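Trainee: I'd like a close look at a single part of this model. Could you take me through one helix and then show me how the rest fits around the picture?

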Amino acid sequence: MASSPENNASLSDQKVTRSESSQAKKSQHAEEAIFYMNCRAAYLTVLKSSLENIKSKEQLSLVLQQAGRNPSQKTVNKYWTSQTTTLNFDDFCTILKKEKPATKTELLEAFGKIDTDNTGYILHDELYKILTTRGEKMTRDEASAIIKQADFNCGGKLDYNKFCDLYMTTSEQCCKTAREKLEVDGRLRQQQFGSQTETSCEGITLPVSKPSPRISRKTDHKLAPTKGDSRTPSRPSSAQSCKASISTTISMGAASNRNTKLIEPDTMKEWQCAQSKGCFYLEEDGEIISHKYRLHLPQRSTVCITIKPLNLRQVEGKHCHWLSVDTALYILKENETQENLQLVSFTEQQNKEVFGWRGELGSGVYWLLPFTTGCRLKKVKPQITGEAKLVYRGEDGELVLTKEFRAALLDIFETIDLDGNGLLSLEEYNFFELRTSGEKCDEEAWAVCKENFDMKKNELTRQGFMDLNLMEANDREGDPSDLWVTLLSLGYNKALEMTEACPFVIDIYAEKCKPRIKAIYLEAGSWQLNRAICKSVVNKGEAKVMDGCENIIIYTYKAGKRITSVIENKSDNKVIIHVNNEQSKNCLSNRGLTVFAVEVAPKSMMVSQHVMPLNEQEEWLYNCVHSLLR
């Protein structure tokens with residue numbers, strides 16, 4: 001039967017859509033290939049192989065410079081901590097993703113804040129003072145070396161346009177030189193990429209990272225012999241390199257997110273309760289930080305511990321993004337020291353958005369470590385055209401906070417008021433200060449606040465908090481720049497929507513005693529948390545030994561809206577595992593990629609990925625293939 005013009009038009013539209021989608025994927029893969037080629041070029045300028053590790057801060061700084069970055073000591077220290085022993089190629093790639101090279105526009109904007117008269121120059125005396133007293137302070141010799149450069153200095157002042165041009169040229173030349181060396185050296189071209197490593201749960205502290213994008217789209221998961229060690233850089237995970245593999249398939253119905261009901265006994269209403277609020281904050285580099293808590297129980301008791309997103313005001317027409325973010329709590333028992341923490345359990349039971357655990361705990365001190373997978377709390381490209389107004393001048397010429405800004409400040413106050421008493425203690429306020437400025441307010445400064453802003457019982461009221469922010473606006477004569485720094489650090493976008501934070505509330509009910517909970521830190525996920533996640537999956541998940549390699553075990557845990565997989569490597573050698581999710585449907589991975597690879601250290605285990613449904617109202621299929629590359 002002949003098809004109608006309408007059907008032909010529909011088919012044509014479908015072909016165009018598929019073609020556009022295919023082109024977009026090809027473009028994305030091409031960009032990924034270029035990025036990783038540049039990474040390898042920089043890495044192999046300093047090291048002999050992409051399988052060789054960075055062994056010192058000096059090496060890390062050098063490879064970053066070869067990649068066109070200009071890392072400060074603070075940046076280097078961020079990734080090379082006191083616990084870091086080595087960083088591998090994929091850690092380096094992840095750092096490059098986070099540490100974007102400065103653009104000329106950004107550099108000019110930074111200089112423009114100093115050159116308020118817009119002359120294009122900065123006096124040497126002023127530049128010298130800034131370089132040696134602000135931010136990451138330079139030594140006198142370092143500052144003098146910059147000022148003595150004839151290319152962009154004359155007449156006692158710096159031409160910062162020329163300086164920016166030289167900076168950009170030098171950065172580009174470093175990258176170009178590294179690429180040229182890679183092209184000339186055929187031996188380096190034949191070496192494979194590295195593979196991605198996450199924080200080991202055995203206490204090896206490396207930057208928490210997302211996996212390296214892989215260009216190979218199809219993988220034959222049958223056993224295949226490995227022929228040598230040379231693979232083209234764009235296809236490090238080719239089918240021929242897979243030694244062994246294992247497939248895991250889990251079908252989850254739309255109602256699966258309610259299959260572990262949290263049972264709350266009627267008598268619990270008479271139990272004693274403690275509560276604290278907190279927040280997950282998304283860092284610029286994609287890392288998630290949150291409050292960490294200490295729980296004290298004076299005697300053995302049955303307890304019920306829950307966590308859920310904090311339900312703030314509902315604005316009509318605006319989506320409360322954080323309410324869909326998954327939350328969990330890991331309960332660890334403190335023994336002799338804070339470092340010696342033992343996993344007790346975690347909140348795996350669920351009632352709608354509430355996750356909880358009920359059981360018996362002995363007397364003593366426990367740590368409550370909040371956790372979110374990162375599937376829903378992640379960086380998104382802003383779709384905002386304008387910028388919300390924060391302040392305006394009233395009829396009397398005085399500055400006034402806008403209605404929208406006041407509403408946002410009330411939500412912020414509600415979030416940082418951890419004990420929920422309607423007042424901010426110095427401790428609570430300092431968590432706010434650490435997040436927004438990186439500094440603490442001491443007792444002396446708090447006394448000044450007491451003199452100038454409304455307080456009750458030495459705690460700041462809501463009105464006092466509003467007036468404090470208004471004072472900040474007045475100090476800048478209405479310039480909202482500093483106010484935006486505060487808002488952005490707290491997860492707000494320029495439309496005053498909270499998109500990169502998730503406030504939550506923790507409730508502890510105890511049958512036989514009064515529980516006490518206190519926020520102690522505001523920091524990124526610790527190695528204790530990573531180890532607890534791995535142990536919980538191993539204890540409760542399904543274990544599968546990889547065919548043909550009995551030393552590699554894949555554990556898969558499913559509960560509610562989350563599936564987590566952990567890889568255990570029992571061998572004496574590190575292994576690279578290729579992970580393929582292409583056959584999964586309606587799934588969202590914290591990795592942000594369908595195909596990636598991870599490196600697992602000898603005698604260790606690590607999280608492979610967390611997966612959640614993209615649309616909770618529909619069925620979702622988790623189909624993951626883990627393959628051993630080496």
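Mentor: Let's take helix H13, whose buried residues are Gly 464, Phe 465, Met 466, Leu 468, Asn 469 and Ala 473. Keep in mind as we go that this is a predicted model. H13 covers residues 462-475, so to speak a run of 14 residues, and spans 20 Å from its first C-alpha to its last, close to the 20 Å expected at 1.5 Å a residue. Just past the end of H13, look for Glu 477, which takes a positive phi of about 55°.

Now pick out Phe 465 again, one of the buried residues of H13. Its ring belongs to a cluster, linked by ring pairs, that also holds Phe 413, Tyr 429, Phe 432 and Trp 446. Two of those cluster members, Tyr 429 and Phe 432, sit in helix H11 (residues 426-436), 3 residues apart, or about one turn of the helix. Tyr 429 and Phe 432 are both buried.

How many aromatic pairs does the count come to? It comes to 13. Take Tyr 43 and Phe 92 as an example: they make a tilted pair, with 5.5 Å centre to centre and 45° between the planes. Tyr 43 belongs to helix H1 (residues 5-46) and Phe 92 to helix H4 (residues 89-98), so this pair ties together parts that are 49 residues apart in sequence. Tyr 43 and Phe 92 are both buried. Back in H11, Tyr 429 and Phe 432 form a tilted pair too, at 5.6 Å centre to centre with 40° between the planes.

Here's another buried spot to visit. Ser 536 is found in helix H15 (residues 527-540). Why does Ser 536 count as buried? Because its relative accessibility is 4%, and buried means under 20%. Leaving aside residues up to four places away in sequence, Ser 536 touches Tyr 330, Leu 343, Phe 346 and Gly 541.

Let's move from helices to strands. There's an open sheet of 4 strands in the order S4-S26-S22-S24, and the pairing is antiparallel. Strand S4 (244-252) and strand S24 (595-600) are at the edges with a single partner strand each, so one side of each has no neighbour in the sheet. On average, neighbouring strands of this sheet are turned by 20° against each other, direction ignored. In general, strands of a sheet pair through backbone hydrogen bonds, either parallel or antiparallel. Follow S4 across to strand S26 (residues 620-628): the two run antiparallel and are joined by 9 bridges. To find one of the partners yourself, start at Ser 251 and look across to Leu 621 in S26.

Finally, zoom out to the protein chain. Its secondary structure comes to 15 helices and 26 strands. Of its 630 residues, 49% are buried. Among contacts with a separation of 6 or more, 71% are between residues 24 or more positions apart.

How far should you trust what you see? The chain averages a pLDDT of 80, and 79% of the residues score at least 70. Over residues 186-241, though, pLDDT stays under 50, and for that stretch the model has 173 contacts beyond four places in sequence.

Methods
Residues numbered from 1 in each chain as written. Predicted model: local features only at pLDDT ≥ 70, side-chain atom pairs only at ≥ 80, totals over all residues. Heavy atoms only, no water. Expected span 1.5 Å × (residues − 1). Buried < 20%, exposed > 50% of the residue type's maximum accessible area, 1.4 Å probe, protein only. Pairing = 2+ DSSP bridges. Axes fitted to C-alpha atoms, helices over the stretch in contact; angles between N-to-C directions. Contact = heavy atoms within 4.5 Å. pLDDT = per-residue confidence, 0-100. Phe/Tyr/Trp six-rings, centres within 6.5 Å; stacked < 30°, edge-to-face > 60°.
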